[in-house]
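Here are a few worked exercises for you to try with the model open beside you. Have a go at each task before reading the solution.

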Amino acid sequence: MLQVIFIVTISMMMLAVLIGLYLTGRTKKEIDNLRLAFSEVTNGNFDTTVMAYEQSEFSELADSFSTMVRQLKATQTKLSTVEKIAAWETVGQKLAHEIKNPLTPISIAADDLRSSYYEKLPEFDKTIDETTTTIKK
């Protein structure tokens, strides 16, 4: 009788070890799958998804991860668009400044020329020479 109990106990222990090894292997496969997906996202691949091997808590985690990656990709796309718009705004501002910069002396020269003409100043010829030189520069 003691021998039967011993054999049953050993058999149960072996069965428990086999079940443990099976569950550990399956869990390791799921974790390796998730680790690989994290690595892909870290390297910039936002088209990565995690597939679960069966319905479990891990499948919920895999679905959450895939949703997070899709949202991250959408956010990155929006940020890229915002950065491009900001860059073009800066270019536009610099361009406007460069266009306006030489126009200021031209505007002042034209005002001087106009006021000298209307006021019939005696040095009008000198004013014309100075203002046209400024405008040409």
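**Exercise 1. Ser66: buried or exposed, and what does it touch?**

Start with the accessibility: Ser66 has a relative accessibility of 7%, and the cut-off for buried is under 20%, so Ser66 counts as buried. Keep in mind that this is a predicted model. Next, place the residue: Ser66 sits in helix 2. Finally, look for neighbours, skipping anything up to four places away in sequence: Ser66 touches Thr49 and Val50.

**Exercise 2. Find the largest nonpolar core and say which elements give two or more residues to it.**

Step one is to list the members. There are nine: Leu34, Ala37, Val41, Phe46, Val50, Phe58, Ala62, Phe65 and Val69. Step two is to assign them to elements: helix 1 (2-42) and helix 2 (57-118) are the ones that give two or more residues. Which element gives the most? That's helix 2, with four residues.

Now pick one member and look around it. Leaving out residues up to four places away in sequence, Phe46 touches Val41, Val69, Leu72, Lys73 and Gln76. Val41 and Val69 on that list are core members too. As background, nonpolar side chains in soluble globular proteins tend to be buried together.

**Exercise 3. Describe how helix 1 packs on helix 2.**

For a pair of packed helices, you want the angle between the axes and the distance between them. Here the angle is about 5 degrees and the axes of helix 1 and helix 2 are 11 Å apart. Angles under 35 degrees count as roughly parallel, so helix 1 is roughly parallel to helix 2.

Then go through the contact itself. Helix 1 brings Glu30, Ile31, Leu34, Ala37, Phe38 and Val41, while helix 2 brings Phe58, Leu61, Phe65, Val69 and Leu72. Sort those by class and you get 10 nonpolar, no polar and one charged residues. Leu34, Ala37, Val41, Phe58, Phe65 and Val69 in this contact also turn up in the largest nonpolar core.

**Exercise 4. Do the same for helix 2 and helix 3, and give the handedness of the crossing.**

Begin with the geometry: helix 2 and helix 3 (residues 124-136) pack at about 165 degrees, and their axes are 9 Å apart. Angles over 145 degrees count as roughly antiparallel, so that is the label for helix 2 and helix 3. Their crossing is left-handed.

On to the residues. From helix 2 come Pro105, Ile106, Ala109, Asp112, Leu113, Ser116 and Tyr117, and they meet Phe124, Thr127, Ile128, Thr131, Thr134 and Ile135 of helix 3. By class, the contact of helix 2 with helix 3 has eight nonpolar, four polar and one charged.

**Exercise 5. Compare the surroundings of Thr127 and Thr134.**

First, location: Thr127 lies in helix 3, and so does Thr134. Second, accessibility: Thr127 is buried at 12%, whereas Thr134 is partly exposed at 33%. Third, contacts, again ignoring residues up to four places away in sequence: Thr127 touches Asp112, Leu113 and Ser116, while Thr134 touches Pro105 and Ala109. For Thr134 and Ala109 you can add a distance: they are 25 residues apart in sequence, with their C-alpha atoms 6.8 Å apart.

**Exercise 6. Set two separations side by side: Lys78 to Ile108, and Tyr117 to Ile128.**

Take Lys78 first. Lys78 is in helix 2 and is exposed, at 60% relative accessible area. Lys78 and Ile108 are 30 residues apart in sequence and 45 Å apart from C-alpha to C-alpha.

Now Tyr117, which is also in helix 2. With 46% relative accessibility, Tyr117 is partly exposed. Tyr117 and Ile128 are 11 residues apart along the chain, and 9.2 Å separates their C-alpha atoms. To finish, tie this back to the packing: Tyr117 and Ile128 both belong to the contact of helix 2 with helix 3.

Methods
Residues are numbered from 1 along each chain as its sequence is written. This is a predicted model: local features need pLDDT of at least 70, side-chain atom pairs count only at pLDDT 80 or more; totals for chains, interfaces and linings use all residues. Side-chain values use heavy atoms; hydrogens and water are left out. A nonpolar core is a set of buried Ala, Val, Leu, Ile, Met, Phe, Trp, Tyr and Cys residues joined through side-chain atoms within 4.5 Å. Buried means under 20% relative accessible area, exposed over 50%, partly exposed in between (1.4 Å probe, protein chains only). Contact means heavy atoms within 4.5 Å. Axes are lines fitted to C-alpha atoms, for helices over the stretch in contact, and angles run from 0 to 180 degrees between N-to-C directions. Angles under 35 degrees count as roughly parallel, over 145 as roughly antiparallel, 65 to 115 as roughly perpendicular and the rest as oblique. A crossing is left-handed if the near helix is turned anticlockwise from the far one by less than a right angle, and right-handed if clockwise. Ala, Val, Leu, Ile, Met, Phe, Trp, Tyr, Cys and Pro count as nonpolar, Asp, Glu, Lys and Arg as charged, and the others, Gly among them, as polar.
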